[in-house]
Amino acid sequence: MKNNPVYKREMLVRSRSFRIPLIIMIFNGILAVVALLNMYQSIAQVKVSGSVRYENFLQLYAFVAALEFMLLMFIMPALTSASISGERERHTLELMFTTKIHPVEIVVGKLMSAFSQLMILVVSSLPILMLTFIYGSISSGDLMILLVSYVVGALYCGSLGIFASSLMKRSTFSNVITYGIMLVVVVGTYMLNVFLLKISETEISTMALNSGETIPKASSGVSVYLLLLNPAIMFAELLENQVAGGGGNFTITHLLGDNGGNFITNHWVFCSLVIQAVLSVLFTWGAVFFLKPERSKKTGSFGKPTGTGRRS
C-alpha cells in the first residue's frame, strides 16, 4: 500500500481531519463507560456476597467485545459507502482517470484507508478490553481469534459499502443501499429463521405420532445456512465458544434441531469467516468492475449522454 497514491492521499486527509480523534474519543468513551459500570457492579456484588464470581468478568468481556463488534460493523460502511460516489459528486473522479491510476488502486486505496482508520479504533480499545484480564479471562489464542473476526467483519462490511459507492452516482443512494443490504443480512436472515422455526414448532405440536416414535426437534431447515452470511451471528457463535452464554439467544443451536452435527455446524465460525472473506473479495472486484471507465462509453465516462453518430 506504500506505493498506492490514493491510499496515501486518503490517509493524509484523514490524519489532518478532526473527525478521527473525535470518533476515537466517542468510540472508546462508550466502551470505557460500559466496562467501568459493569466492573463497578461486579465489585459491588463481591462486597455484598463476600465471594468473587469470575463468570461476571467473563460476561463483561463478552459484552464489551460484542458492543465493539457492533460499532465496527456499522462504522465501517459509513466510511466507505460514500468514498467513490463522493468523488463523483465533487467531479474529482474524472481527474483520477486522467492519470495513470488504475481503478484497482482507487478501490483498494479507498477501502484500505477506511480499514486502517478502523484498526486504529480496535488497537486503541484493547486496553479497555484487557480490563477483564485483571481478574482472569480468556486465553491469548481466543483474543487472536477475536481480532481476526474484527478484521474479517470490517472488510466484509467495508467492501459492501465501497461496492455500493462504486455502483451508485450519489452518496445518499449508496448509503441507503449499503445499510439496506446490511439490515437484510443482519436482521432479515435471522428473523427469517425465527419465523421458519415457529412454523416448524407449530407443525410438530399438531403432529400425530405413533407408538414408539419420538418427537422431532423444531428447526428452521436449510435456511439456517443463510446465517453464514450474517456477521452478527458469526460473532455470537464465537463468543459462545469462548464464554458460556456469551452468544445469548443469537446462537444457531436452537435453530438447527436435528440438522446439526455436520462439518459446517461443527465449525460454524471458521466457515462463516471464510465465506465472508470470499464475499469481501467479490464485492471489491465488483467495485473495480463498475468503476472502470470503459463500461460507460455509450453514455459518457460518468453517465453523461454522448453522440453516437458515425463520421462521414
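Five salt bridges turn up in this predicted model. Three of them are followed here, beginning with the one that ties the two ends of a long stretch of sequence together.

Glu-87 pairs with Arg-9 through a salt bridge, with 3.3 Å from N to O. This contact brings together distant parts of the chain: Arg-9 sits in helix α1 (residues 5-15) and Glu-87 in helix α4 (residues 83-89), 78 residues apart. The two partners differ in their surroundings, since Glu-87 is buried at a relative accessible area of 1%, whereas Arg-9 counts as partly exposed at 38%.

Helix α1 also supplies Glu-10, which is salt-bridged to Lys-110 with the closest N and O atoms 2.7 Å apart. Here again distant parts of the chain are linked, as Lys-110 belongs to helix α6 (residues 103-129) and lies 100 residues from Glu-10. Glu-10 is buried, with a relative accessible area of 11%, and Lys-110 is buried too, at 2%. Both values fall under the 20% cut-off, so both ends of this pair count as buried.

Glu-87 has a further partner in Arg-90, the side chains meeting in a salt bridge of 3.4 Å from N to O. Arg-90 counts as exposed, its relative accessibility being 52%. Taken together, salt bridges with shared partners join Arg-9, Glu-10, Glu-87, Arg-90 and Lys-110 into one network. Within that network, buried Glu-87 bridges to both partly exposed Arg-9 and exposed Arg-90.

Methods
Residues numbered from 1 in each chain as written. Predicted model: local features only at pLDDT ≥ 70, side-chain atom pairs only at ≥ 80, totals over all residues. Heavy atoms only, no water. Salt bridge = Lys/Arg side-chain N within 4 Å of Asp/Glu carboxyl O. Helix = DSSP H or I, 4+ residues; strand = E, 2+ residues; numbered from the N terminus. Buried < 20%, exposed > 50% of the residue type's maximum accessible area, 1.4 Å probe, protein only.
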